[in-house]
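Me: I should like to learn how to read annotated sites and strand pairing in a structural model. Could you take me through an example?

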Amino acid sequence: MRVLIAEDERMLADSIAEGLRAEALAVDVAYDGDATLELLGVNDYDVLVLDRDLPVVHGDDVCRAVVESGAHVRVLMLTAAAAVRARVEGLGLGADDYLTKPFAFEELVARIHALGRRARPADPPALQRAGIRLDPARREVYRDGRYVHLARKEFGLLAELLRADGAVVSAERLLEKVWDEHTDPFTNTVRVTMMKLRRKLGDPPVVETVQGVGYRIT
């Protein structure tokens with residue numbers, strides 16, 4: 001899942017981003033509304049965590065722009081205003097969910113995951129193919145009944161390949177969904193991480209490279 005944090009309190013924004021990356025999410029950060037709209041225009045996000053009181057372009061206007069664009073990104077609006085009227089106004093602008101500050105990080109994570117599931121077709125309880133079973137909730141992977149310990153990015157790559165259900169997934173798509181905007185698009189990080197994933201999954205190989213196109217699980 002790829003998430004955009006739009007929050008002008010830099011320490012808070014960076015802290016949220018760090019915590020979400022530890023949850024194996026790809027996270028970008030914008031500190032004002034103009035930068036938020038710019039990132040939304042070039043990247044495909046599943047969830048936007050949007051501070052309502054953004055500078056330069058107000059959060060309300062960002063939310064309106066998202067709704068008018070028809071983008072599939074789900075909007076979780078943050079605000080310091082706890083009044084019911086403020087929450088109603090935010091939802092009326094087109095936000096999908098609302099969270100008041102201060103909030104528990106665990107609740108934020110749960111709400112992001114819930115919105116992410118709504119942003120795309122729901123995953124089954126476990127993703128399975130070619131003897132591999134991946135449980136997104138428990139963050140567990142098994143190959144023919146054998147537990148496989150994966151690092152966060154390896155887990156993310158495998159999840160995207162399993163969701164494709166045998167279709168080819170390009171390296172660019174994997175880079176977009178599993179990493180963030182600070183990753184060099186010309187890097188070989190996908191290839192290196194894929195090599196580690198294949199080694200951990202063991203023999204016989206199940207991840208096929210389609211030359212010049214991408215990867216798939218056969």
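Reply: The following exchange covers an annotated residue, a second residue and a sheet. The model is predicted.

Me: Which residue does the annotation "modified residue: 4-aspartylphosphate" cover, and in which strand does that residue lie?

Reply: According to the unreviewed UniProt entry, this annotation covers Asp51. The residue belongs to strand β3, which spans residues 47-51.

Me: Is Asp51 buried or exposed?

Reply: A residue counts as buried when its relative accessible area is under 20%. Asp51 is therefore buried, because its value is 3%. Beyond its neighbours within four places in sequence, Asp51 contacts Ala6, Glu7, Asp8, Gly59, Leu78 and Lys101.

Me: How should Thr79 be read, as buried or exposed?

Reply: The reasoning rests on the relative accessible area of 3%, so Thr79 is buried. Thr79 is placed in strand β4, residues 74-79. With residues up to four places away in sequence set aside, Thr79 touches Arg52, Asp53, Tyr98, Leu99, Thr100 and Lys101.

Me: What is the strand order in the open sheet of four strands?

Reply: In general, strands of a sheet pair through backbone hydrogen bonds, in either a parallel or an antiparallel sense. Here the order is β6-β7-β8-β9, and the pairing is antiparallel. Strands β6 (127-129) and β9 (146-147) form the edges, each pairing on one side only.

Me: How many bridges join β7 and β8, and which helix packs on the sheet?

Reply: Four bridges link β7 (residues 132-135) to β8 (residues 140-143) in the antiparallel sense. Among the partners, Ile132 is bridged to Arg143 in β8. Helix α6 (residues 152-163) packs on this sheet and touches β6, β7 and β8. The direction of α6 makes about 110° with that of β7.

Methods:
Residues numbered from 1 in each chain as written. Predicted model: local features only at pLDDT ≥ 70, side-chain atom pairs only at ≥ 80, totals over all residues. Heavy atoms only, no water. UniProt positions renumbered as here; feature names shortened; annotations may be inferred. Helix = DSSP H or I, 4+ residues; strand = E, 2+ residues; numbered from the N terminus. Buried < 20%, exposed > 50% of the residue type's maximum accessible area, 1.4 Å probe, protein only. Contact = heavy atoms within 4.5 Å. Pairing = 2+ DSSP bridges. Axes fitted to C-alpha atoms, helices over the stretch in contact; angles between N-to-C directions.
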